[in-house]
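Please work through the exercises below with the sequence and the structure at hand. Each task is followed by a worked solution.

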Amino acid sequence: MHHDLHLAPALHHLRPVVAGLEGSLIREVANAGMGRSDVLKFWFGESDAVTPEPVRQAAVASLLAGETFYAHNLGLPELRAEIAAYTARLHPHQGADHWLGRTVVTSGGVNGLMLAAQAVVEAGDEVAVVTPIWPNLVQQARIMGGVITPVPLQVQGGAWVLDMAALQAAVTPATRLLVLNAPNNPTGWTLSRDEQQAILNHCRQTGTWILADEVYERLYYGDSERQAAPSFLDIAEPEDRLVVAHSFSKSFLMTGWRLGWLVVPPSVLEQMGKLVEFNTSCAPVFVQRGAVEALRHEAAITPALVAHLRHCRDTLIDALLQVPGLTVARPLGGMYAFFRVNGHSDSLTLAKRLVTEAGLGLAPGSAFAPEAEGWLRWCFASQHTERLLQGVDRLQAWMRR
Ligand SMILES: Cc1ncc(COP(=O)(O)O)c(C=O)c1O
C-alpha cells in the first residue's frame, strides 16, 4: 500500500544544530588547491615528518601477534601506566599512582574533548569559550546543545592576550563550562601560571567546569628550563571541576593514529569509562601499543622535535618580520604563526587567492573566530625550513604585485 505522505528532505528531520554546523573553512581553502603540486601547503596543523620508526614497529608487531580484539574502555593498563608515569615526570607534585586514577585513553584528542563535552554540557547550558580557538571545540559544545559565550582575546603589538576582567565578567554562576586552549591554536597565546590561578579561583567561585585543551603543552618556547607550558594540572586540586585534554598527535608525530587522553577528577573516572563504551568502546589495541613505545622513547622523540619546531618558528617569524605590511608576533607555544596582511580584511578570499595566485597554502583566520577575520594561520612544523623561507618569498612577491 502506498502512503500519500508528503516527504520533506530528510535534512529537515535532523537536529537543527547538526544541520547548522559550519563546514571547515580550512578545508574550503585546501580544496581550492587540490591536485596542485606547486602549492606549498602549510594549512593543516601537522608536521610533514612521519611517526618515528620504533613506534610504527610496535604497532606492526601488535597486529602480527594477533592483537585484533576489543580492549578496556579506559585504555590498555600498560598504556595508562606509561601515561601516568609521563604525567608524573611533567607534573611531579603528584606521583604516577595519582595520575593513573585520573587517566582515560581516547581515540584522538578530539574524541577526548567530545567526551568531556558529553559529560558536562546539557542542552541550553552556557559555555564560555576563549577565542580565537580551534573550531572543533566550539562545535562540540554546540552539538551538545550548549549556548556559546565567546571571550575574545585582545591584540596587543601583534600578539593575542587575555583580558582577565572580560573573562571574569563572562564566566558567571550560570556558566556551566569554560573552554580554553593554551598554548593556543591558532594564535600561539599561552597562559601564565598567575592567569591560570586567577581563572581557577574564579571558576571555583562560580562552580564552572574548566575544559583545558593542553595538547600543545610540550610545544612551548618560553622558559627553556621548562619541558612544558604551565598547566592547570600543576595548580588544581584533584577534585576541582577540571578536565585536561591531551594528544599523541603533536608531541609524538602521530596525527593519523587518532590517540589521546584525558585527565579527569578521580571521582568521575568510571563515569568516563561508560561514555567511552558508548562512543568508541575502546581505542584500537595496536594503536595503543604504538603509543606505549612512543612514551618509552619520549626522551628521544619530543625534546628534539620541540628544538626543531623552535628553530622553525624563529626561521619563519624572523622572515615574516622583515616583510613590510604584515602584523606578526613571535608565539610562545604551539606550531603556528598567526599574522595579518595589512589592507586585507577577508581572510577566506585572501587565503584562496594566495593558493591560486602565489602557490601558498595557509588557513584563514575567520575559521577560528570572527575577531580573527583578516588574519592567516601558517603551520611552521616542517622538516625543511627552506620551504618556510620559500613560502615567505612567495608571499612577499605576491604582495609586491
Ligand atoms: C587545539 C587542538 N586540540 C585538539 C586537537 C586534536 O588533535 P587530535 O584529535 O589529532 O589528537 C587539535 C588538532 O589540531 C588542536 O589543534
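The exercises concern a predicted model and proceed from the overall fold to the nonpolar cores.

**Exercise 1. Determine whether the radius of gyration agrees with that of a compact globule.**

Solution. Begin with the chain length, which is 401 residues. For that length, the value expected of a compact globule is near 21 Å. The protein has 22 Å, so the two agree. As a complement, the C-alpha trace spans about 65 × 60 × 55 Å along its principal axes.

**Exercise 2. Describe the secondary structure and the sequence range of the contacts.**

Solution. First, count the elements: there are 14 helices and 15 strands. Next, take the contacts between residues at least 6 apart in sequence; 74% of these join residues at least 24 apart.

**Exercise 3. Characterise burial, surface and charge.**

Solution. Buried residues, those under 20% relative accessible area, account for 54% of the 401 residues. The exposed area is about 17,200 Å², of which carbon and sulfur atoms supply 54%. Finally, the protein carries 31 positive and 38 negative charges, whose mean positions lie 5 Å apart.

**Exercise 4. Locate the largest nonpolar core and examine the surroundings of Phe339.**

Solution. The largest core comprises 107 residues, and Phe339 is among those with the most contacts inside it, as are Leu320 and Trp378. Helix H12 (residues 298-321) contributes the largest share of this core, nine residues. Beyond its neighbours within four places in sequence, Phe339 contacts residues including Leu320, Leu326, Val328, Leu362, Trp378 and Leu395. A second, separate core has 26 residues, among them Leu115, Ala141, Val268 and Leu269.

Conventions:
Residues are numbered from 1 along each chain as its sequence is written. This is a predicted model: local features need pLDDT of at least 70, side-chain atom pairs count only at pLDDT 80 or more; totals for chains, interfaces and linings use all residues. Side-chain values use heavy atoms; hydrogens and water are left out. Helices (H or I, at least four residues) and strands (E, at least two) are DSSP runs, numbered from the N terminus. The radius of gyration is taken over C-alpha atoms; the globule rule is 2.2 Å times the number of residues to the power 0.38. Buried means under 20% relative accessible area, exposed over 50%, partly exposed in between (1.4 Å probe, protein chains only). Contact means heavy atoms within 4.5 Å. Accessible areas come from the Shrake-Rupley method with a 1.4 Å probe; for residues, only the protein chains shown count as cover. Lys and Arg count as positive and Asp and Glu as negative; His and the chain ends are not counted. The place of a charge is taken as NZ of Lys, CZ of Arg, CG of Asp or CD of Glu. A nonpolar core is a set of buried Ala, Val, Leu, Ile, Met, Phe, Trp, Tyr and Cys residues joined through side-chain atoms within 4.5 Å.
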